[in-house]
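Q: Please take a close look at how the helices of this model pack against one another, and at the metal site and the backbone beside it. A connected account, residue by residue where that helps, would be best.

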Amino acid sequence: MRTAITEQELKTAAQQFAMDADAVQIERFGSGHINDTFLVTDGRRYILQRLNTEVFRDPMLVIENIEGVTRFLRAKIEAAGGDPDRETLNLIHTREEKPYYIDAEGNFWRMYLFIEGATSYDAVKKPEDFYHSAEAFGHFQYQLSDYPAHTLHETIPAFHDTPKRYRDFQKAVQEDVCHRAASVEKEIRFVEERAAEMGLAMDMLREGRLPLRVTHNDTKLNNIMIDDKTGRAVCVIDLDTVMPGLSIFDFGDSIRFGANTAVEDEQDLSKVSLSLPLYETYVDGFLTGCGGALTDEERRMLPQGARLMTLECGMRFLADYLQGDTYFQIHRENHNLDRCRTQFGLVADMERKWDAMENAVAR
Ligand code: ADP
Ligand code: GN1
Ligand code: MG
């Protein structure tokens, strides 16, 4: 289990990153499900995070990836005349010149410059924001297309290996450690009815029909900072899962989160559906951002990427519910079950709108 964090631990951690501990203000920040995130102010603002080391078993590998990727992006941003302090994450070093701090309890901390004048959204407020996020995630992949992929660590092995996620899910059902399976028979059946389709994308990867690229792997709308003035995407954040992966999954995870007419944990399932206009907006932005780099097969498989990411995520939420909510942070009873249900509701709606989803890509 993750342990609670005391105020003293927070102050001690902040202080390592060359800050005046007495002058700082620290408060919880953001709505990520994995790390503990804090806003630290000492005149300037920073993001302090305790990495979730149950999810990221080897946090040093996460830091090495982020150092490598941000250094690479920084050079490209500078060459393009951009502002590297805002357009990519910047790790702050400790007094000992390290980009992380491990405290007496073994907690793993890191700090970033706060990206000022920008906001990360949990739901689409304006379609233009969604377009710009699509372009930015596509462009991110494009920028990393010549990154030395062999130097990247796999921070979470088999992260989007859907058949593996399905096997993990089945194990959680069988073990049923919290005796919750009987109450979610309908949801379990929903997954089982789609068992044959879990490998659709991974099989194509194995057969060489889909290329392995350097991808973000967690392309939720709230992992992008939108400029408060211009409305354009300033920076792609949450780089913990940058690894070799499938472009259609980066596309798909964004659709799963942003083109849903309801929020991820909506309890009123009648509000859940796929917004075709938002889906089409994202297709446009993503293809533009990718700079024409996607193959025909990748383009054709975009709708399937959206469906598989949504199904996979629902399966992960349900497995976590069955296992006693140990992976995703929850803030109320049945939170993971609510999240699972919105995902399956969205999958069902995608299946109803399948022809339109394919047509939008073909256009
Ligand atoms: P998690 O892995 O838990 O999702 P994130 O790295 O995505 O953690 O951070 C959680 C939230 O904190 C983000 O959604 C964003 O709102 C905010 N955030 C993270 N990094 C920065 C940053 N450098 N500048 C401003 N806000 C940030
Ligand atoms: C987690 O870290 P965050 O909140 O951006 C998860 C994603 C899920 C997402 C569901 C490392 O993303 O894979 O799609 O929750 N990240 C990790 O909202 O497991
Ligand atoms: Mg995040």
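A: What follows goes through the helix contacts one pair at a time and then turns to the magnesium ion and the backbone. The model is a predicted one.

Two packed helices are described by the angle between their axes and the distance between the axes. That is the form used for each pair below.

The account starts with α4 and α9. Their axes come within 7 Å and cross at roughly 35°, and the crossing is right-handed. On the α4 side the contact is made by Pro127, Phe130, Tyr131, Ser133, Ala134, Glu135, Phe137, Gly138, His139, Gln141 and Tyr142. On the α9 side it is made by Leu278, Thr281, Tyr282, Asp284, Gly285, Phe286, Thr288 and Gly289. By residue type, this contact between α4 and α9 consists of nine nonpolar, eight polar and two charged residues.

Two residues give a more local view of this pair. Gln141 belongs to helix α4, which spans residues 127–143. Gln141 has a relative accessibility of 5% and therefore counts as buried, the limit for that class being under 20%. Apart from neighbours within four places in sequence, Gln141 is in contact with Arg213, Val214, Thr215, Ser247, Asp250, Phe286, Cys290 and Leu294. One of these, Phe286, is also among the α9 residues in the helix contact.

Pro277 sits in helix α9, residues 276–289. Its relative accessible area is 55%, so Pro277 is exposed. The C-alpha atom of Pro277 is separated by 8.6 Å from that of Pro127, and the two residues are 150 residues apart along the chain. Pro127 is itself one of the α4 residues in the contact with α9.

The next pair is α5 and α11. The axes of α5 and helix α11 (residues 302–322) come within 9 Å, with a crossing angle of roughly 25°. Because of that angle, α5 is roughly parallel to α11, the limit for the term being under 35 degrees. The crossing of these two helices is left-handed. From α5, the residues Thr162, Arg165, Tyr166, Phe169, Ala172 and Val173 meet Glu312, Met315, Arg316, Leu318, Ala319 and Leu322 from α11. The residues of this contact between α5 and α11 divide into eight nonpolar, one polar and three charged.

Helix α11 also holds Leu311. With a relative accessibility of 1%, Leu311 counts as buried. When neighbours within four places in sequence are set aside, Leu311 is in contact with Phe190, Arg194, Met198, Phe344 and Val347. For one of these, Arg194, the C-alpha atom is separated by 8.9 Å from that of Leu311, with the two residues 117 residues apart along the chain.

Some of those partners lead to the third pair. Helix α6 (residues 185–192) and helix α12 (residues 335–352) have axes that come within 11 Å and cross at roughly 45°. That angle makes α6 oblique to α12. Here too the handedness is given: the crossing of α6 and α12 is left-handed. Glu187, Phe190 and Val191 from α6 meet Cys340, Arg341, Phe344, Val347 and Ala348 from α12. Six residues of this contact between α6 and α12 are nonpolar, none is polar and two are charged. Phe190, Phe344 and Val347 take part in this helix contact, and Leu311 is in contact with each of these residues.

The metal site comes next. The magnesium ion (ligand 3) has as its protein donors Asn223, through OD1, and Asp238, through OD, lying 2.2 Å from the ion. These two donors link distant parts of the chain and are 15 residues apart. Asn223 is in the loop between β7 (213–215) and β8 (224–227), whereas Asp238 is in the loop between β9 (233–236) and β10 (243–245). Asn223 is buried, at a relative accessible area of 5%. Asp238 counts as partly exposed, at 25% relative accessibility.

The backbone at Asp238 also deserves a remark. Most residues other than glycine have a negative phi. Asp238 is not a glycine, yet its phi is positive, at about 55°. His179 is another non-glycine residue with a positive phi, near 55°. His179 lies in the loop between α5 (162–175) and α6. The relative accessible area of His179 is 69%, so this residue is exposed.

Conventions: Residues numbered from 1 in each chain as written. Chains lettered and ligands numbered in written order. Predicted model: local features only at pLDDT ≥ 70, side-chain atom pairs only at ≥ 80, totals over all residues. Heavy atoms only, no water. Donors = N, O, S within 2.8 Å, 3.2 Å for Na, K, Ca; no water. Helix = DSSP H or I, 4+ residues; strand = E, 2+ residues; numbered from the N terminus. Buried < 20%, exposed > 50% of the residue type's maximum accessible area, 1.4 Å probe, protein only. Axes fitted to C-alpha atoms, helices over the stretch in contact; angles between N-to-C directions. Parallel < 35°, antiparallel > 145°, perpendicular 65-115°, else oblique. Left-handed = near helix turned anticlockwise from the far one by under 90°. Contact = heavy atoms within 4.5 Å. Nonpolar A, V, L, I, M, F, W, Y, C, P; charged D, E, K, R; others polar.
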